[in-house]
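Work through the following exercises with the sequence and the coordinates open beside you. Each task is followed by a solution that proceeds step by step.

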Amino acid sequence: MDELKKVRELYGEPSLDPDVRARVAARLDAERAAPARRRGWRRSAPPAGRPRDDRAPGRAGTARTGRAARAARSWWAPIAAGAAIVVMATVAFVGPRLVTDEGEGVLLAAAGVVETRPATKGAYWHVKRVLNGLDVRHLWVARDGRAWTSQGAGRPVPFTGKGPFTMDGHELTIAQIEALPDEVGPLLEKVHAILGDVPDDEREGVVADAITGLLWSKPAPPDVRAAAYRALAGLSNVRYLGKGTFSYDVRGVRRELVIDRRSGQVLRATTGQATEAVLEAGWTDVKP
């Protein structure tokens with residue numbers, strides 16, 4: 001019960017920030033009214049007190065040292081990443097993005113945290129979560145595909161049914177997940193290939209769901225998870241609701257994710273009326 005109490009105290013129920021939603025609506029109205037030639041990525045001015053440098057980031061022959069180098073990297077890195085995401089979003093889906101600058105900042109920050117972590121190893125992929133604040137469940141998956149589940153204080157039992165890792169019903173092995181591309185464009189292409197034929201009116205939601213599945217429930221390496229965060233920022237059907245909360249619809253069902261930008265972790269996932277709070281997700285040598 002201590003763990004359940006901790007989950008409620010830390011995460012609570014997601015609240016929607018009316019100010020953020022109003023800003024999103026205003027931004028979309030302005031985007032629709034703007035001429036087509038003005039739409040798309042625009043570089044904003046550097047924060048006050050920070051020098052502008054019009055040279056391309058990472059350009060060969062440019063020497064930067066000390067505090068100036070760190071400031072330049074911290075300013076240019078999210079801009080360069082954001083520009084790449086918007087270009088990819090244009091290829092993947094047509095339409096204005098619903099993720100605001102604030103929401104994009106959350107996703108890019110999470111990606112930056114995740115990709116700096118070393119890849120971990122273990123005999124089992126282990127996920128521990130709480131359903132609807134009451135039901136504690138575990139999943140262990142061995143590298144050879146064997147899997148076990150447990151509920152509450154019950155003993156682990158062999159996993160039955162379709163494989164433990166799927167992408168819209170398509171089974172994936174740990175080796176296939178670990179081999180996914182770590183760049184936004186190739187990752188989206190691979191996801192589309194795995195999904196195969198999906199009705200046009202469902203594809204956006206199914207792709208968003210496949211991408212979010214790589215953030216915590218599947219054993220994706222850190223660089224693949226980072227690419228998934230950046231891809232999510234470029235999808236046209238993903239909405240930012242404020243306070244780290246993102247939503248999208250898949251086949252008529254609303255799904256929400258609460259993401260901690262500081263740790264790069266998914267804290268909570270909600271599907272319809274069902275909520276999962278994530279307590280642990282990672283590799284371990286501890287047997288089920």
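A residue is called buried when its relative accessible area is under 20%, exposed when that area is over 50%, and partly exposed in between. The model examined here is a predicted one.

**Exercise 1. Classify the two partners of the salt bridge between aspartate 260 and arginine 262 as buried, partly exposed or exposed.**

Begin with the contact itself, in which the side chains of aspartate 260 and arginine 262 meet at 3.5 Å, taken from N to O. Next, take the accessibility of the acid: aspartate 260 has a relative accessibility of 16% and therefore counts as buried. Finally, arginine 262 has a relative accessible area of 72%, so this residue is exposed.

**Exercise 2. Repeat the classification for aspartate 135 and arginine 137, which form a salt bridge.**

The closest N and O atoms of aspartate 135 and arginine 137 are 2.8 Å apart. Aspartate 135, with a relative accessible area of 17%, is buried, whereas arginine 137, at 35%, is partly exposed. These contacts belong to a set of ten salt bridges found by a search of the whole structure.

**Exercise 3. Locate the salt bridge between aspartate 168 and arginine 251 in the chain, and state which network it belongs to.**

First, the side chains of aspartate 168 and arginine 251 meet in a salt bridge with an N to O distance of 2.7 Å. The pair links distant parts of the chain, since aspartate 168 lies in the loop between strand 5 (166-167) and strand 6 (170-171), while arginine 251 lies in the loop between strand 8 (245-250) and strand 9 (253-260), 83 residues apart. Turning to accessibility, aspartate 168 is partly exposed at 35%, and arginine 251 is also partly exposed, at 44%. As a last step, Glu202 is added, because Asp168, Glu202 and Arg251 are linked in a network of salt bridges.

**Exercise 4. Assign a geometry to the ring pair of tryptophan 125 and tryptophan 283, and then to that of tyrosine 240 and phenylalanine 246.**

The structure holds three aromatic pairs. In the pair of tryptophan 125 and tryptophan 283, the ring centres are 5.6 Å apart and the planes stand at 70 degrees, so the pair is edge-to-face. This pair links distant parts of the chain, with tryptophan 125 in strand 1 (residues 124-131) and tryptophan 283 in strand 11 (residues 274-284), 158 residues apart. Both of these tryptophans are buried. For tyrosine 240 and phenylalanine 246, the centres lie 4.8 Å apart and the planes are at 45 degrees, so the pair is tilted; tyrosine 240 and phenylalanine 246 are both buried. To complete the surroundings of tryptophan 283, note that the charged end of arginine 143 sits over its ring, 4.0 Å from the centre.

**Exercise 5. Describe the open sheet of nine strands and explain which strands stand at its edges.**

Reading across the open sheet of nine strands gives the order 4-3-2-1-11-10-9-8-7, with antiparallel pairing. Strand 4 (157-158) and strand 7 (239-242) each have a single partner strand and therefore stand at the edges, which leaves one side of each without a neighbour in the sheet. At strand 4, two bridges make the antiparallel connection to strand 3 (residues 147-151), and tryptophan 148 stands opposite proline 158 in strand 4. Finally, helix 7 (residues 200-212) lies across strand 8 and strand 9, and runs at about 135 degrees to strand 8.

Conventions: Residues are numbered from 1 along each chain as its sequence is written. This is a predicted model: local features need pLDDT of at least 70, side-chain atom pairs count only at pLDDT 80 or more; totals for chains, interfaces and linings use all residues. Side-chain values use heavy atoms; hydrogens and water are left out. A salt bridge is a side-chain nitrogen of Lys or Arg within 4 Å of a carboxyl oxygen of Asp or Glu. Buried means under 20% relative accessible area, exposed over 50%, partly exposed in between (1.4 Å probe, protein chains only). Helices (H or I, at least four residues) and strands (E, at least two) are DSSP runs, numbered from the N terminus. Rings of Phe, Tyr and Trp (its six-membered ring) pair if their centres lie within 6.5 Å; planes under 30 degrees apart count as stacked, over 60 as edge-to-face and the rest as tilted. A charge sits over a ring if NZ of Lys or CZ of Arg is within 6 Å of the ring centre and within 35 degrees of the ring normal. Two strands pair if DSSP finds at least two bridges between them. Contact means heavy atoms within 4.5 Å. Axes are lines fitted to C-alpha atoms, for helices over the stretch in contact, and angles run from 0 to 180 degrees between N-to-C directions.
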